[in-house]
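Please look at the sequence and the structure below, and keep both at hand while reading the explanation that comes after them.

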Amino acid sequence: MWTPGRRSAACPRASDAPIVARRDAARDRPGFSVNTTLLLVQVLNGLQLGVLLFLIAAGLTLVFGVMDFINLAHGVQYMLGAYLGAALAAATGSFWLALLLALPAALAFGLLLEFLVFRHLYERDHLSQVLATFGVILFLNEGVKVVFGTAPMQMPLPAGLTGGVPIMEGLLYPTYRIAILAAGLGTAGLLWFLVERTRAGMLVRAGAANAPMLDALGVNVRGLFLLVFGFGAMLAGFAGVMAAPILSVEPGMGDNLLILAFVVIVIGGIGSVRGAFIAALLVGLVETVGRGLLPDVLRLFLDASSARQAGAALASMLVYIVMAAILAFRPAGLFPVRR
Amino acid sequence: MAFQHDTGLSRRGLIGTGAAIGATALAAPAVRAQPAPIKVGVVAVLTGPQAALGSQLRDGWLLGVRHLNGQLGGRPVETLVIDDELRPDVAVTKVRAAIERDGVDLVVGVVFSNILAAVMRPVTESGAFLISTNAGPSTFAGRGCNPFFFATSYNNDQVHAVMGQAAQDLGHRRVFLMTPNYQAGRDAMAGFKSRFRGEVVDEVYVPLTQLDFSAELARIASMRPDAIFTFMPGGLGVNLVRQYRQAGLANIPFLSTFTVDEATLPAQGEAAEGFYSGATWAPNMDNDQSRRFVAGMVEQFNYVPATYAAHAYDTAMLLDSAVRRVNGDLSDKNALRAAIAAADFPSVRGSFRFGANQFPVQDFWLCQVRRRTDGRFQTETVRRVLEADVDPWAAQCRMPARI
């Protein structure tokens with residue numbers, strides 16, 4: 001059985017050397033043109049991961065920015081969206097109906113959490129917020145297990161988006177992923193309009209810059225925050241429903257994405273939707289393209305097998321290295337909210 | 001604090017199963033006084049993302065005990081379910097408590113090798129027998145073999161080696177390898193390469209937390225291998241299989257271990273249809289014991305069982321035969337050990353015997369995912385890849401003749 005703690009196997013086997021030699025000969029076969037296409041495919045993949053990250057990070061950055069509230073449970077709301085989508089799709093037999101019903105359900109659940117837990121934490125320090133929202137993660141991860149069972153769930157692709165576009169020889173780019181990209185960009189546009197061009201958006205921006213002043217001017221900051229919070233929860237739920245047909249719907253599925261979402265909002269500048277958008281695309285690209293190219297780049301300096309292992313290890317660190325580098329030059333992120 | 005919490009959990013497990021057994025005993029016509037029960041600790045991961053595997057293991061054991069009318073070799077059995085939480089320290093504390101406080105006679109189960117490594121000494125040094133129904137690390141098959149330890153599953157390396165041999169037999173010349181970047185992933189690649197003689201076009205390691213495989217899928221498409229071999233347990237496998245199908249790569253044969261099995265198939269569904277895996281057993285195995293087991297699991301727990309459940313079910317039958325052989329007397333350890341080693345029970349796998357290192361000597365199969373008549377999916381045997389295979393570590397084991 002697999003396990004993190006297993007000892008190294010020195011199992012009697014054929015020597016590695018001839019295999020390595022043969023595979024290096026094979027590597028030279030694909031020409032430059034193929035590699036350019038491959039790079040383009042990787043860029044597309046990176047953008048698609050980026051918009052998914054943006055949907056999660058947008059709510060997080062607003063909540064953090066406006067109310068100075070650290071909500072670790074944001075990833076769980078993404079998971080809930082995916083579970084709601086999968087369960088509703090199984091019940092109704094239609095992806096679109098499931099999406100339509102899951103959005104208000106995710107919104108309602110977000111508001112319920114706000115009412116039950118988060119509301120009591122705004123005046124507390126960050127440590128209390130982290131502890132309490134981490135508790136919500138544990139509670140809900142176990143909760144979905146009780147309700148839906150421990151085995152991963154499946155959500156079918158929506159009818160009409162099951163096919164793919166041949167993007168290079170032997171590889172289809174699933175239409176559904178293009179739909180995710182489109183939906184993400186559409187949502188980003190909508191958010192930009194809401195935040196930059198509407199009165200509510202103006203208040204949200206003002207809240208991010210200086211909430212006490214806004215309060216003193218007679219604006220109902222609590223109500224504003226409830227709005228932002230519900231909208232953020234719905235966006236995370238939307239991301240969950242959209243991701244459910246391509247990713248495994250299982251307890252704890254939001255935890256990894258949450259970490260990346262925090263990286264995104266820190267790089268982008270806390271409270272800035274525009275920053276979150278740029279940073280999400282950057283993180284998505286670095287994560288995907290880095291993973292694809294690093295082992296090849298390292299092969300210029302190292303032998304094949306250490307390049308593979310070091311490349312894989314370095315690729316998983318790459319996002320954090322980029323974050324550290326950006327923060328070294330711009331400590332408040334790429335698009336800091338003016339205070 | 002932690003200890004009290006632990007006590008509560010174990011007690012509840014004991015009472016729960018005790019009640020279930022009480023009910024079976026009532027239903028049985030025999031009214032005469034029963035001998036003292038045998039206590040068996042079943043260690044499985046029942047919380048966290050891998051809980052589906054532990055639940056299969058537990059359910060397989062419980063069904064075995066039920067089919068034996070709540071008895072092992074004529075003595076009633078009391079099952080103590082222990083959730084190891086996939087944390088070695090927790091597993092050791094709970095198993096120690098089960099042995100010292102609850103007086104468990106036998107310990108069976110364990111999904112993960114690191115948990116097995118943690119509970120190995122506490123169990124075997126107490127003089128109780130430990131029977132692994134899944135984890136089979138090389139250490140305990142080779143130099144670290146132990147007279148108090150049996151495995152009814154396999155040695156971990158064997159399953160990966162089976163796929164190497166299968167790729168060889170299927171005539172694949174160029175194979176792409178992909179596993180998570182940790183010890184077991186590297187072992188899987190080594191196991192595959194131990195029997196595969198063709199060209200490995202690329203080896204890719206992905207982080208254990210990987211969600212999106214599109215970068216790797218693009219790479220596979222650009223390399224155009226004859227087949228891919230992968231080991232992606234749990235949710236990783238669900239993501240990979242569905243994305244592989246969506247990317248239109250399914251015309252490249254998908255060879256795998258612990259990636260498409262009955263624990264993940266409900267989430268993979270038709271995306272996994274036709275994909276290959278290596279195993280000791282599959283639900284379509286053509287023998288009475290296997291048919292009875294699969295039908296029982298579907299009826300009782302409403303899912304198609306994977307090997308985790310099958311090995312646990314076999315272990316219940318094995319222990320039944322062993323206890324019967326020693327006439328219910330567990331005090332003579334040498335006699336009990338010989339009785340277990342005899343493996344005189346009907347296995348769902350058909351043929352089954354133990355080797356000198358107390359690991360199975362058994363056949364390994366190439367399996368393929370197919371749709372059942374009830375619309376669910378299961379793996380089905382395609383052909384026997386290895387016959388009566390002895391694990392590569394057995395020769396290093398110096399097993400003492402007597403305890």
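What follows is a walk through this predicted model, taken chain by chain and then across the contact between the chains.

Chain A is the place to begin. Its secondary structure comprises 11 helices and two strands, and, read from the N terminus, these elements follow the order α-α-α-α-α-β-β-α-α-α-α-α-α. Of the 339 residues in chain A, 48% count as buried. When contacts with a separation of 6 or more are considered in this chain, 77% of them join residues that are 24 or more positions apart.

Helix α8 of chain A, residues 221-243, serves as an example of a single element. Its 23 residues should span 33 Å at 1.5 Å a residue, and because the C-alpha atoms at its ends are 32 Å apart, the expected and the computed values agree. Most of α8(A) is covered, with 18 of its 23 residues buried.

The interior can be followed through the largest nonpolar core, which has 242 residues and in which A:L53, A:A57, A:A261, A:V264, A:A280 and A:V283 are the residues with the most contacts. Helix α2 of chain A, residues 32-67, supplies the largest share of this core, namely 18 residues. The same core also draws on chain B, taking at least three residues from each of domain 1 (2-154 + 286-361) and domain 2 (157-279). One of the residues with the most contacts inside the core, A:V283, shows how such a position is surrounded: leaving aside residues up to four places away in sequence, A:V283 touches A:G50, A:L53, A:L260, A:V263, A:V264, A:I267 and A:V319.

Turning to chain B, the domain assignment divides this chain into domain 1, made of residues 2-154 and 286-361, and domain 2, made of residues 157-279. The C-alpha centres of these two domains of chain B lie 31 Å apart, and the contact between them takes 12 residues from domain 1 and nine residues from domain 2. On the side of domain 1 that touches domain 2, the elements giving two or more residues are α2 (51-67) and α12 (307-325) of chain B, and α2(B) provides the largest share, three residues. By class, this side of domain 1 of chain B has eight nonpolar and four polar residues, and no charged residues.

Within chain B, strand β9 (residues 227-230) is covered on both faces. In a regular strand, side chains alternate between the two faces of the sheet. In β9(B), A227 and F229 of chain B lie on one side and B:I228 and B:T230 on the other, and all four are buried. Strand β7 of chain B, residues 174-180, runs parallel to β9(B) and is joined to it by four bridges, with B:L177 standing opposite B:F229. Strand β10 of chain B, residues 254-256, also pairs with β9(B) in the parallel sense, over three bridges, and here B:F254 is the bridge partner of B:I228.

The last step is the contact between the chains, which takes 51 residues from chain A and 64 residues from chain B. On the side of chain A that touches chain B, the elements giving two or more residues are α1 (16-27), α2, β1 (164-168), β2 (171-174), α10 (273-298) and α11 (304-329) of chain A. The largest share of that side, six residues, comes from α2(A), the helix that also gives the largest share of the nonpolar core. By class, the side of chain A that touches chain B has 26 nonpolar, 16 polar and nine charged residues.

Methods
Residues are numbered from 1 along each chain as its sequence is written. Chains are lettered from A and ligands numbered from 1 in the order in which they are written. This is a predicted model: local features need pLDDT of at least 70, side-chain atom pairs count only at pLDDT 80 or more; totals for chains, interfaces and linings use all residues. A nonpolar core is a set of buried Ala, Val, Leu, Ile, Met, Phe, Trp, Tyr and Cys residues joined through C-beta atoms within 7 Å. A residue is buried if 20 or more other C-beta atoms lie within 10 Å of its own, exposed if 12 or fewer, and partly exposed in between; C-beta atoms are placed from the backbone. Domain bounds come from an automatic or database domain assignment. Two residues are in contact if their C-beta atoms, placed from the backbone, lie within 7 Å. The expected span of a helix is 1.5 Å times one less than its number of residues. Ala, Val, Leu, Ile, Met, Phe, Trp, Tyr, Cys and Pro count as nonpolar, Asp, Glu, Lys and Arg as charged, and the others, Gly among them, as polar. Two strands pair if DSSP finds at least two bridges between them.
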